[in-house]
Amino acid sequence: MTVRNDLLLEVGSEEIPARFLPQAIEQLKDKASKLFGDLRLDLAELRAYATPRRLVLYVRDLAERQSELNAEVRGPAKKITFDAQGHPTKAGEGFARGQGVPVAGLLTREVDGVEYVFAKKHEDGRSVMEVLPQALSDLILSLEFPKTMRWGEGVWKFARPVHWIVCLFGSEVVPVRLFDLAAGRVSRGHRTLAKGPVEIARPQEYFLKMENDGFVMVDQEHRQSAVVEQLKKLESQLGAVVPVDPDLLEEVTFILEYPTAFFGSFEEQYLKVPQEVLITSMREHQRYFPVEDVSGKLRNHFIAVRNGTADGIDVIRQGNEKVLRARLADAKFFYEEDQKRHLSDRVEALSGVVFLEKLGTMRQKVERIQELVEFLISELGVEGQEVSDARRAALLCKSDLVTAMVREFTELQGVMGREYGRLSGETPGTAQAIFEHYLPRFAGDNYPSTIPGALVALADKIDTIAGCFAIGLIPTGSQDPYALRRGAQGITGLLASGVLPPERPLSIGRLTGKALSIYAAAGLTGASGEAAAKVRAQIQEFFGARIKNLLGDRGYRYDLVDAVIEAGADQAGDAARRAEALDRLIRGGDLEPVLAAFKRVNNLAQKAEPGPFDPSQLREPAEVELYKAYITVNGPARSAAAAGNYDDYFAAISGLRPPVDQFLDKVLVMAPEEGLRRARLGLLRELASLFRLAADLTKLVGP
């Protein structure tokens, strides 16, 4: 009978930044799962946990010994392993040595008519005490963090210096040695609340003992649930609503080990400051949860979570109120001072703000945005008040960067531009576009909802992307310091969001070309001539990957995405509409007639020569009927596709299946007469072209 026990591994350190921990948990769990599989150690469950001062791996019902290994490994072909005289070659000796078996022990077996050699391997299972010490040490060292620290004269490297290690299998200490520390059974609790070291006799008592004796809730889900429960209790006590921001909740969960929530207050006079400013002060700078009334209006309360018990909570509350009061007083002062100047009076001050080295100042960027907005107005046929609002927003979109409020609270760029625009008498459309041109700011954020906002957003983002690519600042791997991927995703998502008119789909290639031409006119090296052509191709490829991601994120199957992309991805909005229509066709079970007709047509259409064909050569009733059907469908189908009405397009071409089947069943396409053959193939070529307008149907693996 296999002996089993729980395994506990705790690596204790100085405080690890909260943003490191979610990824560290996933890494630890994934790598540990692979490790135990590779070690042939059976287990019931594996979980990973983290607090600011510890990473924890807990394995339930781990087998005490590895399972035996009995395997056959295929090596090279026999003729490569042995020479004509039957002596082992270097390849044969190397294979045998690598598998840990003698050459004489290699087996020979035929596979698909070829003789191969096989190494038969057997390994007895070893105990966890033999295999785990080094394996767990390697596991911890393999973890990656956004930033690491070195200590011990630079020898050791981890997220933060490690001070203790606990590793138990059942009641036994696993002799892991890491960072010049020997694993034991003694952990450390909360820095100030724990009475002393916490000794763990067995893994099963770890979580309860850490919470009761060490004042540490090790399980992050337990900590988060405790925070949410306490927030709800205070919400009821205050008779208010506490909107729980998921990112803030996660951060709070990972900056403490023993949560206790409490509420505080601030003077009502600060409610005259825009709500976004107050929320930013609380949420971003103090990690407080704002409090609202039932109508969504901010109240002069906040909820904070301390890392400790409720002892002395009144003193803690007063301290937090004092800190917040100082920040709100600064915000109120900045807000009042900023209003003394019109937003438009700040445009010239942007000449003193550098955008990027080699790409000029923010004032120059505004000028480029203005020119790009004019290009977009023309391309998209925008008219009326939206034109005026877009032009004005293009001029003012960066002006709030030189306000005192945004210099202090950089997260409020755009938000304060909208607020100060309203206070300066700008139209609602202009003020909203100033805010919207930054959208989306992060994953899951909204896209611009107005055409002026969309135009300025497109101009701002493509200017940054084109300029960075022109000077060689191209994202590589995980490195993207200028958030170009986010900018490109913002453009593709915006074009696919439906805010812009579908009848005038925007070409990303043309927009990129315009942005590069503006840089070229300003004398930027890399934005003109052959260099510009190369940069434009790089940007097109960059956007192609973003569009593919966009469609994939919408849940479309991979072959549908490939089919749509192959038919053209320069117009992201159009590609999204094509994908949506094709997906509806597939889900509705209506793809089969389209796909069947296309496949039959496409196979023969490949043999057609380029150039026009003479329809007067067609004489058989079936081919005349097909030509008439093509003429009838061609115009409406192409018009529907051009207007972005792909449901109508697919409905039109699906009606071609009966005449296509009749033609191919009754007519010899490869007729001996050259003129007749050219006409028949030419007709099929035109039909194939019509079928490819929305998607390359050859990429579909089935209906």
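**Strands, cores and a pocket**

Guide: Ser13 stands opposite Val162 in strand 9, and that pair is a convenient place to enter this structure, which is a predicted model.

Visitor: What makes strand 1 and strand 9 a pair?

Guide: At least two bridges are needed for two strands to count as paired, and seven bridges join strand 1 (residues 4-13) to strand 9, the two running antiparallel. The condition is therefore met for these strands. Strand 9 also pairs in the antiparallel sense with strand 10 (residues 172-173) over two bridges, and in strand 10 the bridge partner of Leu168 is Val173. These two strands form a hairpin with two residues between the strands, where Gly170 takes a positive phi near 65°.

Visitor: Why is strand 9 described as largely enclosed by the rest of the structure?

Guide: A residue is called buried when its relative accessible area is under 20%. Seven of the eight residues of strand 9 (residues 162-169) are buried, so the strand is largely enclosed by the rest of the structure.

Visitor: Which strands pair with strand 17, and why is strand 17 described as largely enclosed?

Guide: Strand 15 (residues 259-265) is joined to strand 17 by seven bridges and runs antiparallel to it, with Asn307 in strand 17 as the bridge partner of Pro259. Strand 16 (residues 289-292) pairs with strand 17 over three bridges, again in the antiparallel sense, and Phe289 stands opposite Ile303 in strand 17. Strand 16 and strand 17 form a hairpin with five residues between them, and Gly296 in the turn has a positive phi of about 90°. As for enclosure, seven of the 10 residues of strand 17 (residues 298-307) are buried, so strand 17 too is largely enclosed by the rest of the structure.

Visitor: Why does Gln66 count as buried, given that its place is in a loop?

Guide: The loop in question lies between strand 3 (54-63) and strand 4 (69-77), but the label rests on accessibility, and at 11% relative accessibility Gln66 falls under the 20% cut-off and therefore counts as buried. Leaving aside neighbours within four places in sequence, Gln66 is in contact with Leu39, Arg40, Leu41, Asp124, Gly125, Arg126 and Val131.

Visitor: What makes the approach of Gln66 to Leu39 a polar contact?

Guide: A polar atom of the Gln66 side chain lies 2.7 Å from the backbone oxygen of Leu39, and the distance limit for such a pair is 3.5 Å, so the distance condition is satisfied.

Visitor: What is unusual about the backbone of Arg40 and of Lys358, and which of the two is buried or exposed?

Guide: Most residues other than glycine have a negative phi, and most peptide bonds are trans. Arg40, in the loop between helix 1 (21-38) and strand 2 (45-51), has a positive phi near 60°, and Lys358, in the loop between helix 9 (313-338) and helix 10 (362-380), has a positive phi near 80°. At 18% relative accessibility Arg40 is under the 20% limit and so counts as buried, whereas Lys358, at 63%, is over the 50% limit and so counts as exposed.

Visitor: How do you know that the peptide bond from Leu439 to Pro440 is cis or trans?

Guide: Its omega is near -10°, and the bond is cis. Pro440 lies in the loop between helix 14 (428-436) and helix 15.

Visitor: Which residues have the most contacts inside the largest nonpolar core?

Guide: They are Met405 and Ile653, in a core of 148 residues. Helix 15 (residues 451-470) gives the largest share of this core, 13 residues. A second, separate core of 44 residues includes Phe158, Cys167, Leu178 and Phe179. As for Ile653, the residues it touches, not counting those up to four places away in sequence, are Val594, Val633, Ala637, Leu690 and Phe691.

Visitor: How much space lies in the largest pocket, and what lines it?

Guide: The space comes to about 1,600 Å³, and the lining has 47 residues, of which Glu411, Gln413, Arg441, Phe442 and Arg486 lie nearest the centre. Among the elements that give two or more residues to the lining are strand 16, helix 10, helix 15 and helix 16 (484-495). Helix 8 supplies the largest share of the lining, six residues.

Technical notes. Residues are numbered from 1 along each chain as its sequence is written. This is a predicted model: local features need pLDDT of at least 70, side-chain atom pairs count only at pLDDT 80 or more; totals for chains, interfaces and linings use all residues. Side-chain values use heavy atoms; hydrogens and water are left out. A nonpolar core is a set of buried Ala, Val, Leu, Ile, Met, Phe, Trp, Tyr and Cys residues joined through side-chain atoms within 4.5 Å. Buried means under 20% relative accessible area, exposed over 50%, partly exposed in between (1.4 Å probe, protein chains only). Helices (H or I, at least four residues) and strands (E, at least two) are DSSP runs, numbered from the N terminus. Contact means heavy atoms within 4.5 Å. A polar contact is a pair of N or O atoms within 3.5 Å; within protein, one must be able to donate a hydrogen and the other to accept it, and residues adjacent in sequence count only if both atoms are side-chain atoms. On a 1 Å grid over the protein atoms alone, a cavity is a set of points where a 1.4 Å probe fits but cannot get out, and a pocket is an open set with protein on both sides within 12 Å along at least five of seven lines; lining residues have an atom within 4 Å of a point. Grid points are joined across faces, edges and corners, and a volume is the space filled by probe spheres set on the points.
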